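Subject: Handing over the structure

Hello,

Here is the structure I promised to pass on to you. Please open it beside this email, so that you can look up each place as you read.

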Amino acid sequence: ESVKTVLVRPRSDLIRRYHRGAVAAYTQALKLRLDAHGATHPDVATTLWHRGRALRGCRDDGAARRDFSEVLRIRKATLGGDHPSVATCQVQLAACSVADGRHPEAARLYDAARKIREARFGQNHPACGACALAGAEVHALLGDHERASILY
């Protein structure tokens, strides 16, 4: 084994243990919030969001995608489809889709998030550029190099 492998592995194990503990805590908090507020309350969406981020830290993108999908549903229903929080959720959902090899879904989500952010913040906002870059990379993976070059 290389020195790098020996030094990196313990750190990554610690990080994964931290995220697993966070997943457990957010799961417990989610149960309490669901009982107290119901499935569409913003606190439920926030808890699902945090648990989804912790699941991504555990490299469980499938479970994270389920949480982010539910957050997206709640946020669209409560905030409207053109809210920046919807775009942020779409970006996280797209990242999970890329990790699971669902590139067409990821491209659609990145494009939708970029449109929301451009409408709200203007085309030159850094958040729009980040969406465009991530979307360009996915379009390139799909072989749509013309679309990718427009977004770069």
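Below is what I found, going through the helix pairs and then some single residues.

One thing to know at the start: this is a predicted model.

**Helix 2 and helix 3**

Two packed helices are described by the angle between their axes and the distance between the axes. For helix 2 and helix 3, that angle is about 155° and the axes are 8 Å apart. Angles over 145 degrees count as roughly antiparallel, and helix 2 and helix 3 are therefore roughly antiparallel to each other. Their crossing is left-handed.

If you would like to see the contact itself, select Val44, Ala45, Leu48, Trp49, Arg51, Gly52, Arg53, Leu55 and Arg56 on the helix 2 side. Their partners on helix 3 are Asp61, Ala63, Ala64, Asp67, Phe68, Glu70, Val71, Ile74 and Arg75. By type, the residues of this contact are ten nonpolar, one polar and seven charged.

**Helix 3 and helix 4**

Next along the chain, helix 3 covers residues 61–79, and its axis comes within 9 Å of the axis of helix 4, crossing at roughly 160°. That angle makes helix 3 roughly antiparallel to helix 4. Here too you will find a left-handed crossing.

From helix 3, the contact draws on Asp61, Ala64, Arg65, Phe68, Ser69, Val71, Leu72, Arg75, Lys76 and Leu79. Helix 4 contributes Ser85, Val86, Cys89, Gln90, Gln92, Leu93, Cys96, Ser97 and Ala99. The residues in the contact of helix 3 with helix 4 divide into ten nonpolar, five polar and four charged.

**Helix 4 and helix 5**

Helix 4 (residues 84–99) also packs with helix 5 (residues 103–121): their axes come within 8 Å and cross at roughly 160°. This makes helix 4 roughly antiparallel to helix 5, and the crossing of the two is left-handed.

On helix 4, the residues that meet helix 5 are Pro84, Val86, Ala87, Thr88, Gln90, Val91, Leu93, Ala94, Ala95, Ser97 and Val98. Facing them on helix 5 are His103, Glu105, Ala106, Leu109, Tyr110, Ala112, Ala113, Ile116, Arg117, Arg120 and Phe121. The contact of helix 4 with helix 5 is made up of 15 nonpolar, four polar and three charged residues.

**Two alanines in helix 5**

Which residues does alanine 106 touch, apart from those up to four places away in sequence? They are Ala94, Ser97, Val98 and Val138. Alanine 106 sits in helix 5 and is buried, with a relative accessible area of 0%. Between alanine 106 and valine 138 the C-alpha to C-alpha distance is 7.1 Å, although 32 residues separate them in sequence.

Alanine 113 also belongs to helix 5. At 0% relative accessibility, alanine 113 counts as buried. Its contacts, leaving aside neighbours within four places in sequence, are Ala87, Gln90, Val91 and Cys131. You can also find alanine 127, 14 residues away along the chain, with its C-alpha atom 9.5 Å from that of alanine 113.

**Threonine 47**

Threonine 47 lies in helix 2, which spans residues 42–57. Is it buried or exposed? With 3% relative accessibility, threonine 47 counts as buried, because the cut-off for that is under 20%.

Its side chain has a polar contact of 2.7 Å with the side chain of arginine 33. The threonine 47 side chain also reaches the backbone oxygen of aspartate 43, at 2.9 Å. Not counting residues up to four places away in sequence, threonine 47 touches Tyr26, Ala29, Leu30 and Arg33.

**Arginine 59**

For a contrast, go to the loop between helix 2 and helix 3, where you will find arginine 59. Arginine 59 is exposed, with a relative accessible area of 60%. Most residues other than glycine have a negative phi. Arginine 59 is not a glycine, yet it has a positive phi of about 65°.

**Histidine 139**

Last stop: histidine 139, in helix 6 (residues 126–141). Histidine 139 is buried, with a relative accessible area of 7%. Beyond residues up to four places away in sequence, histidine 139 touches Ala107, Asp111, Asp144, Arg147, Ala148 and Leu151.

Enjoy exploring, and do write back with questions.

Best wishes

How values were computed. Residues numbered from 1 in each chain as written. Predicted model: local features only at pLDDT ≥ 70, side-chain atom pairs only at ≥ 80, totals over all residues. Heavy atoms only, no water. Axes fitted to C-alpha atoms, helices over the stretch in contact; angles between N-to-C directions. Helix = DSSP H or I, 4+ residues; strand = E, 2+ residues; numbered from the N terminus. Parallel < 35°, antiparallel > 145°, perpendicular 65-115°, else oblique. Left-handed = near helix turned anticlockwise from the far one by under 90°. Contact = heavy atoms within 4.5 Å. Nonpolar A, V, L, I, M, F, W, Y, C, P; charged D, E, K, R; others polar. Buried < 20%, exposed > 50% of the residue type's maximum accessible area, 1.4 Å probe, protein only. Polar contact = N/O pair within 3.5 Å; in protein donor to acceptor, adjacent residues only side chain to side chain.
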